[in-house]
Amino acid sequence: ITHWVPSSGPAPRWPCVTTWMDMEIPDGVERRFVRSLPGPFELIWNLTVKEFLASGDEWLFSTHDDVVYDPATLPRLLSWDKPLVSALVFMRQNPVIPHIWKTYEGGNGQYAFRIRDTREWFYTHREYIRFGPFVMDPRPDDALAEVDFTSTACCLIHRSVLEKIGAPWFEWDKNEDGFPTGGEDRRLFEKARAVGILGYV
């Protein structure tokens with residue numbers, strides 16, 4: 001597994017660093033840690049994917065440098081046996097909403113946050129909920145949801161997904177000055193869906 005932490009700045013928060021150090025690695029799995037440097041995101045992120053595919057590693061585990069997750073997250077993601085699966089993460093500022101989107105009905109390719117169904121699911125599983133990052137144990141059978149797209153902030157991607165998509169894997173929306181404004185996660189999931197690969201959270 002290539003554990004990739006894209007860099008958005010020179011120094012990640014310490015809780016994120018300890019998350020990388022405390023991560024559970026399943027038996028028989030080797031982790032290669034890659035932290036890409038700050039710079040032109042589109043160039044560097046795609047270069048990282050190219051190097052991953054050249055490495056022969058089977059999985060790319062993307063965790064952003066502003067995300068804290070439970071140590072058992074990687075084994076849980078692997079347990080679903082899906083080529084494109086993410087942990088559920090939330091916005092870190094208010095409003096604290098889930099990083100999962102669905103196609104907006106009649107919205108010309110626009111997306112809406114999946115707030116209502118996520119909230120209802122948690123209401124029916126409230127005995128699991130704890131403060132901070134956690135993995136539900138035992139794993140609820142209905143805990144996996146197909147999504148139109150989600151963040152790559154804590155995302156496990158099989159190499160076959162990236163091989164089928166082909167370069168460029170990440171593309172940013174840009175403003176009128178050509179400055180990247182985001183959208184790279186959405187585009188990755190759209191490209192995967194176009195080649196028949198569904199995303200899950």
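The protein chain exposes about 11100 Å², an area obtained by the Shrake-Rupley method with a 1.4 Å probe, where for residues only the protein chains shown count as cover. Carbon and sulfur atoms supply 53% of that exposed area. This is a predicted model, in which local features need pLDDT of at least 70 and side-chain atom pairs count only at pLDDT 80 or more, whereas totals for chains, interfaces and linings use all residues. Residues are numbered from 1 along each chain as its sequence is written, and side-chain values use heavy atoms, with hydrogens and water left out.

**The whole chain**

Begin with the entire chain in a cartoon view. Its secondary structure comes to six helices and 12 strands; these are DSSP runs numbered from the N terminus, helices being H or I of at least four residues and strands E of at least two. The radius of gyration is 17 Å, close to the 17 Å that the globule rule gives for 201 residues, so the chain is as compact as a globular protein of that length. That radius is taken over C-alpha atoms, and the rule is 2.2 Å times the number of residues to the power 0.38. Along the principal axes, the C-alpha trace spans about 45 × 45 × 35 Å.

Colour next by burial. Of the 201 residues, 45% count as buried (under 20% relative accessible area; exposed is over 50% and partly exposed in between, with a 1.4 Å probe and protein chains only). Among contacts (heavy atoms within 4.5 Å) with a separation of 6 or more, residues 24 or more positions apart account for 69%.

**Thr 2**

Select Thr 2, in strand β1 (residues 2–5). Thr 2 is buried, with a relative accessible area of 1%. Its side chain is joined to that of Arg 32 by a polar contact of 2.8 Å. Such a contact is a pair of N or O atoms within 3.5 Å; within protein, one must be able to donate a hydrogen and the other to accept it, and residues adjacent in sequence count only if both atoms are side-chain atoms. Beyond four places in sequence, the residues that Thr 2 touches include Val 34, Phe 52, Trp 59 and Phe 61.

**Ile 25**

Move to the loop between α1 (14–22) and β2 (32–35), where Ile 25 is found. Ile 25 is partly exposed, at 30% relative accessible area. Leaving aside neighbours within four places in sequence, Ile 25 is in contact with Arg 31 and Leu 74. For a distance check, pick Asp 81: the C-alpha atoms of Ile 25 and Asp 81 are 16 Å apart, with the two positions 56 residues apart in sequence numbering.

**Ser 151**

Ser 151 is found in the loop between β8 (149–150) and β9 (154–158). At 6% relative accessibility, Ser 151 counts as buried. A polar atom of the Ser 151 side chain lies 2.8 Å from the backbone nitrogen of Ala 153. Outside four places in sequence, Ser 151 is in contact with Ser 86, His 99, Trp 101 and Asp 185.

**Helix α6 and Lys 191**

Finish at helix α6 (residues 184–194), whose buried residues include Asp 185, Leu 188, Phe 189 and Lys 191. Select Lys 191: its side chain reaches the backbone oxygen of Pro 168 at 2.4 Å. Not counting residues up to four places away, Lys 191 touches Ile 165, Pro 168, Trp 169 and Glu 171. After α6 comes Gly 196, whose phi is positive, near 90°.
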